[in-house]
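Got the viewer open? Keep the selection box handy, and we'll go from stop to stop.

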Amino acid sequence: MSLPDDLILNGADEVAIRQNLTLVALGKRPADRVIEVGRLLAVHANEWLENYEVVIAGRRIAYIGPIGSYRGTVTERLRYPGLSAVPGLGEVHKHIESTHLTPEFEAELVLPRGNTWTCEASHEFANVNGPKNIEFWQKARLAGSPLKVFIQPGSAVPPSAWEESGGYYGYDEQRGFLDTNLSVPSLDEVMDWPSVWDPENPGYARMWGLLRATMESRGVVEGHGSGLTDPHDISAFIAAGLSSDHEVWALDEAWDRLMRGIFTELRPFSYDVILPGLLERGLKDWSNIAFTTDDRSASETLETGAADYNVRHAIAHGLAPEIAIQCATINPARHMRIDQWVGSITPGRYADLVLVDDLDAFHIAEVIADGEPVSKGKTYTGPATRIAWPDWAAKTMNIGRQLTAEDFRIAAAPGRQTMQAAVLRPFHWNEDFIVEELPVVDGAVQRDADHLITKWAVIDRYRGDGALAKMFWTGCGPADPDTALACSVAHDSHNVWSVGSSDAAMAMAVNRLQEIDGGWVLVHKGEVIAEMRFEIAGLMTARTAEAFDTDMQAFYRAAEQVTWMFQPSALNLWKPGFPEFLKFATLTCSPWRWVLVAPSKAAPEGFVNVQTSETHPVVW
């Protein structure tokens with residue numbers, strides 16, 4: 001009989017697939033393949049099953065049992081007697097866009113590292129082209145990629161009521177996503193906390209429409225509780241229906257969330273503090289914990305790993321390998337309510353097996369995805385999926401005009417020799433902005449390089465009207481004359497930002513960025529000296545991780561020619577040198593307060609306090 005291809009989850013297809021699996025499990029229909037392993041981890045019970053076989057029909061598992069126990073016929077047997085099989089690793093919360101690879105190349109990077117399924121936290125591409133978001137994430141899978149992507153439409157589309165982007169999600173959009181796509185399990189991280197708790201916040205109605213749509217469809221509401229430490233705030237967070245938090249930095253934060261029923265998603269940079277502490281406190285049940293990557297570039301993944309690194313890192317900090325594996329498989333799958341498809345090596349699930357030859361080191365020998373071998377060591381051996389990305393994904397830089405130095409000029413009041421100026425620095429979470437007195441020359445307010453004050457701008461790239469907001473900036477940026485950096489990765493609205501020592505250099509950088517369809521552009525002393533194309537959505541590139549890394553390393557080397565300002569932060573959030581971290585400096589979620597956004601109807605000048613709704617001139 002002809003069966004569905006089982007690439008994209010569909011209700012009618014799911015019935016046909018499971019009807020067939022039932023008969024294969026009973027031995028009444030032939031199986032396609034049997035995988036024999038030395039032992040298999042039953043993650044539901046945390047038990048090792050010795051000398052087991054996994055019987056596969058299509059892309060799914062029909063039967064598991066001791067080797068030789070299956071009573072049906074099979075076409076092929078693959079034997080791995082010396083290896084331990086654990087389920088394909090999953091990402092409970094990951095922005096694939098931060099890898100900077102399109103999904104087909106992301107798959108080739110992460111599959112050999114054990115990552116067979118990902119919950120894509122999709123407010124990056126969705127802010128570039130919201131109407132095409134689902135189609136974008138399904139393209140690679142439909143073309144045959146073995147990586148399963150579960151799509152989480154973003155609550156941050158747009159990120160706040162003061163921003164405009166290439167997408168808008170409210171009740172109707174979210175209800176449509178959940179009702180028509182089995183591969184959509186949830187609402188991505190609710191980041192705009194004031195729009196949840198404050199009825200006067202202009203984003204309140206939209207946010208609660210998203211929450212309502214998700215709850216009505218029995219979806220999962222993912223949270224983002226950065227900066228919430230007061231027990232009343234944490235209680236309000238979970239009372240609102242926000243089920244998880246990955247913004248957990250400290251042991252007490254993790255413990256408080258676990259005690260209040262919040263599913264806690266830990267990122268590797270916090271393992272050294274949190275995991276030994278949870279072990280010391282004697283945490284009895286780890287089922288409400290998962291490991292998450294969140295954001296990791298392809299270069300960093302090549303160096304450290306993908307989900308496999310998260311598991312190894314946890315083991316290195318004292319967690320038993322079996323529990324670490326649960327935190328990367330069944331725990332996130334159950335939380336996202338997709339454990340009928342992924343998270344374990346059991347009947348009905350996709351046949352995703354990670355074959356490990358050293359459990360304590362979590363060293364992966366081979367990976368099987370959709371029932372097919374896809375890697376040996378770190379080498380991908382699966383299908384080479386290639387996509388001709390359409391213009392709706394590849395031509396997204398719609399600034400609409402060439403910018404000039406005049407666009408970045410900040411005018412002074414007539415007759416003034418100095419002006420008071422609002423100044424921000426990266427990750428400025430203070431109640432108030434910094435105020436500095438800056439000189440005026442020829443009617444324009446000037447930078448003050450001696451005091452590390454430069455200029456920062458955010459440019460709309462969706463409407464085509466060339467609108468931009470600009471203000472003064474400290475803490476980092478180029479110190480050399482006529483030097484500027486521009487980038488189209490600007491979390492989370494992904495407009496364009498630029499920081500520079502001259503207005504002309506900033507205009508040059510942004511104009512070149514338009515020509516290459518997004519990415520990075522570095523202007524040094526009046527000349528473009530380096531660029532990095534992110535030609536898909538201005539966020540990603542359609543090439544291998546190795547090719548990406550080669551070009552990114554060349555960009556880093558060019559950036560070493562520049563003298564960069566540096567003023568350390570109290571939290572040590574950035575380091576001297578090329579300020580790549582500035583792609584996160586445009587965030588508007590908690591705990592940010594005063595921010596600069598691209599001009600919008602709600603914030604025409606762009607300078608706004610996203611916690612209180614206050615606005616303020618940038619000079620006065």
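For the opening stop you need one definition: a charge sits over a ring if NZ of Lys or CZ of Arg is within 6 Å of the ring centre and within 35 degrees of the ring normal. Keep in mind, too, that you're looking at a predicted model.

**Stop: R141 and its company**

Select R141 and Y350. R141 lies over the face of Y350, 5.5 Å from the ring centre. Now add D370: R141 makes a salt bridge to D370, and the closest N and O atoms are 2.7 Å apart. Where are the two partners in the chain? R141 belongs to helix α4 (residues 133–142), while D370 lies in the loop between β14 (363–369) and β15 (372–376), so the bridge ties together parts that are 229 residues apart in sequence. Both R141 and D370 are buried.

Widen the selection to R59, K148 and D352. Together with R141 and D370, they form one network of salt bridges that share partners.

For another charge over a ring, jump to R39 and W48. The charged end of R39 sits over the W48 ring, 3.9 Å from its centre.

**Stop: more salt bridges**

The whole structure has 37 salt bridges, and here are a couple more to click on. Pick E164 and R463, whose closest N and O atoms are 2.7 Å apart in a salt bridge. E164 is in the loop between β7 (148–153) and α5 (171–180), and R463 is in the loop between β20 (453–459) and β21 (468–474), so this pair ties together parts 299 residues apart in sequence. Buried or exposed? Neither, quite: E164 counts as partly exposed at 27% relative accessibility, and R463 is partly exposed as well, at 35%.

Next, select R281 and D252. They form a salt bridge with the closest N and O atoms 2.6 Å apart. Here the link runs from the loop between α10 and β12, home of R281, to helix α9, where D252 lies, 29 residues apart. Turn on the surface: R281 is partly exposed at 38% relative accessible area, and D252 is partly exposed at 47%.

**Stop: a three-stranded sheet**

Stay with β12 and switch to cartoon view. Three strands form an open sheet in the order β10-β11-β12, with parallel pairing. Its edge strands are β10 (244–245) and β12 (289–291), each of which pairs on one side only. Colour β11 (residues 263–266) and β12 to see a parallel pairing over three bridges. For a landmark, label T264, which stands opposite I289 in β12.

**Stop: the aromatics**

Show the side chains of Phe, Tyr and Trp. How many aromatic pairs does the structure hold? There are 28. Zoom in on W249 and F269: their ring centres are 4.9 Å apart and their planes are at 55°, so the pair counts as tilted. W249 is in the loop between β10 and α9 (251–259), and F269 is in the loop between β11 and α10 (271–280), so the pair ties together parts 20 residues apart in sequence. W249 is partly exposed at 43% relative accessibility, and F269 is partly exposed at 44%.

Compare W520 and F555. Their ring centres are 6.1 Å apart with planes at 50°, so this pair is tilted too. W520 lies in strand β25 (residues 519–524) and F555 in helix α17 (residues 545–559), so parts 35 residues apart in sequence are tied together. W520 and F555 are both buried. Extend the selection to W456, W473, W497, Y556, W564 and F578: with W520 and F555, they form one aromatic cluster.

**Stop: A542**

Now select A542, in the loop between β26 (527–533) and α17. It is partly exposed, with a relative accessible area of 30%. Draw a C-alpha to C-alpha distance to H100: A542 and H100 are 8.7 Å apart in space, yet 442 residues apart in sequence. Which residues does A542 contact, leaving aside its neighbours within four places in sequence? They are T102, E104, F105, W389, E535 and I536.

**Last stop: the cysteines**

How many disulfides does the structure hold? Zero. Select C119: its closest cysteine sulfur, in C327, is 15 Å away, too far for a bond. C119 is buried, at 0% relative accessible area. Finish on C476, which is in no disulfide, the nearest cysteine sulfur being that of C487 at 13 Å. C476 counts as buried, at 3% relative accessibility.

Conventions: Residues numbered from 1 in each chain as written. Predicted model: local features only at pLDDT ≥ 70, side-chain atom pairs only at ≥ 80, totals over all residues. Heavy atoms only, no water. Pairing = 2+ DSSP bridges. Helix = DSSP H or I, 4+ residues; strand = E, 2+ residues; numbered from the N terminus. Phe/Tyr/Trp six-rings, centres within 6.5 Å; stacked < 30°, edge-to-face > 60°. Buried < 20%, exposed > 50% of the residue type's maximum accessible area, 1.4 Å probe, protein only. Contact = heavy atoms within 4.5 Å. Disulfide = S-S within 2.5 Å. Salt bridge = Lys/Arg side-chain N within 4 Å of Asp/Glu carboxyl O.
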